[in-house]
Amino acid sequence: MADTYLTISKISEGLYKEKGSKFLAFAIPVRTIDEIKAILEEKRKAFHDARHVCYAYILGPEGKEFRANDDGEPSGTAGRPMLGILQSYNLTYTLLIIVRYFGGTKLGTSGLINAYKESANDAIVNNEIIEKTIDKMLVVKFEYPFLNEIMKIVKEEEPTIINQEFEMECSMTLSIRQRDYDRLKNKLEQAAITQKSILKIEEL
């Protein structure tokens, strides 16, 4: 099972013009639905004089959560082509917004589909596609005498240390690539058994 996904590294813009109509595209890295809602609200306020503010997004490491919205354009002429562009690049955690200023001449179904595709593609081309790992987080709680053994395993497995507290009861929050999670957990548990030490592991 793959434990990586593709996303974009920053906010980028694209532009397409046809028969007086202007299509302003924005490609934005996102993590949650709430974040998407806030960004859409912000864009609708910023471009309140535009005829349409259409969008498409894909979320989740496997890209299973997605939506496309035509915002008043003929059904399937805006959101779906935008979603198709995201899928063609195999992107997730990505939001596309396209603001259309109507130029007075109707473009027809095929003209609209092309305009939304082209402007969406332009925004992606102007970005940088990056590969990220699917990570899991865990909190490890243990007694201070067990610290050296824990640090030895952390050094071997190289998880990212998010937070650490060393008191009488110590705590470390670690982030590790999904495929390596079970190995790290097993090593910690085995070491605790060998050392006869108290160990708690919580998955976040």
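A salt bridge here is a side-chain nitrogen of Lys or Arg within 4 Å of a carboxyl oxygen of Asp or Glu. With N to O at 3.9 Å, the side chains of D180 and R179 make such a pair. Keep in mind throughout that this is a predicted model.

**Salt bridges**

By that rule the count comes to 13 salt bridges. Three of them are set out here, with the N to O distance for each.

| Acidic residue | Basic residue | N to O distance |
|---|---|---|
| E157 | K187 | 2.8 Å |
| E189 | K185 | 3.3 Å |
| D180 | R179 | 3.9 Å |

Let's take E157 and K187 to begin with, whose closest N and O atoms are 2.8 Å apart. This pair ties together distant parts of the chain, since E157 sits in helix α4 and K187 in helix α5, 30 residues apart. E157 counts as buried because its relative accessibility is 10%, while K187, with a relative accessible area of 30%, is partly exposed.

The D180 and R179 pair has a buried partner and an exposed one. D180 is the buried side, at 16% relative accessibility, and R179 is the exposed one, with a relative accessible area of 57%.

How many residues apart in helix α5 are E189 and K185? They are four apart, so about one helical turn separates them. Both ends of this bridge are partly exposed: E189 has a relative accessible area of 30%, and K185 comes in at 26% relative accessibility. As for bridges with partners in common, they join E156, E157, R179, D180, R183 and K187 into one network.

**Two positive phi values**

Most residues other than glycine have a negative phi. E158 goes the other way: it isn't a glycine, yet its phi is positive, at about 55°. You'll find E158 in the loop between α4 (147-157) and β9, and it is exposed, with a relative accessible area of 66%.

K196 is another residue other than glycine with a positive phi, near 55°. Its place is the loop between α5 (178-195) and β11 (199-203). K196 is exposed too, because its relative accessibility is 77% and the cut-off for exposed is over 50%.

**A nonpolar patch**

On the surface, Y144, M151, I161, F166 and M168 form a nonpolar patch, and together they have about 490 Å² of accessible area. One of its members, M168, lies in the loop between β9 (160-166) and β10 (169-177). Is M168 buried or exposed? It counts as exposed, at 70% relative accessibility.

**The largest pocket**

The largest pocket has a volume of about 250 Å³. It is lined by 15 residues, and those closest to its centre are Y5, P61, E62, G63 and N90. Which strand gives the largest share of the lining? That's β1 (residues 4-8), with three residues. Sorted by class, the lining has eight nonpolar residues, five polar and two charged.

**A long-range contact**

Last up is L24, in strand β3 (residues 21-29). L24 and S119 are 95 residues apart in sequence, but C-alpha to C-alpha they are 6.9 Å apart in space. L24 counts as buried because its relative accessibility is 18%, and buried means under 20%.

How values were computed:
Residues are numbered from 1 along each chain as its sequence is written. This is a predicted model: local features need pLDDT of at least 70, side-chain atom pairs count only at pLDDT 80 or more; totals for chains, interfaces and linings use all residues. Side-chain values use heavy atoms; hydrogens and water are left out. Patches are made of residues with over 30% relative accessible area and no salt bridge: like charges are joined within 9 Å, nonpolar side chains (Val, Leu, Ile, Met, Phe, Trp, Tyr) within 5 Å. Accessible areas come from the Shrake-Rupley method with a 1.4 Å probe; for residues, only the protein chains shown count as cover. Buried means under 20% relative accessible area, exposed over 50%, partly exposed in between (1.4 Å probe, protein chains only). On a 1 Å grid over the protein atoms alone, a cavity is a set of points where a 1.4 Å probe fits but cannot get out, and a pocket is an open set with protein on both sides within 12 Å along at least five of seven lines; lining residues have an atom within 4 Å of a point. Grid points are joined across faces, edges and corners, and a volume is the space filled by probe spheres set on the points. Ala, Val, Leu, Ile, Met, Phe, Trp, Tyr, Cys and Pro count as nonpolar, Asp, Glu, Lys and Arg as charged, and the others, Gly among them, as polar.
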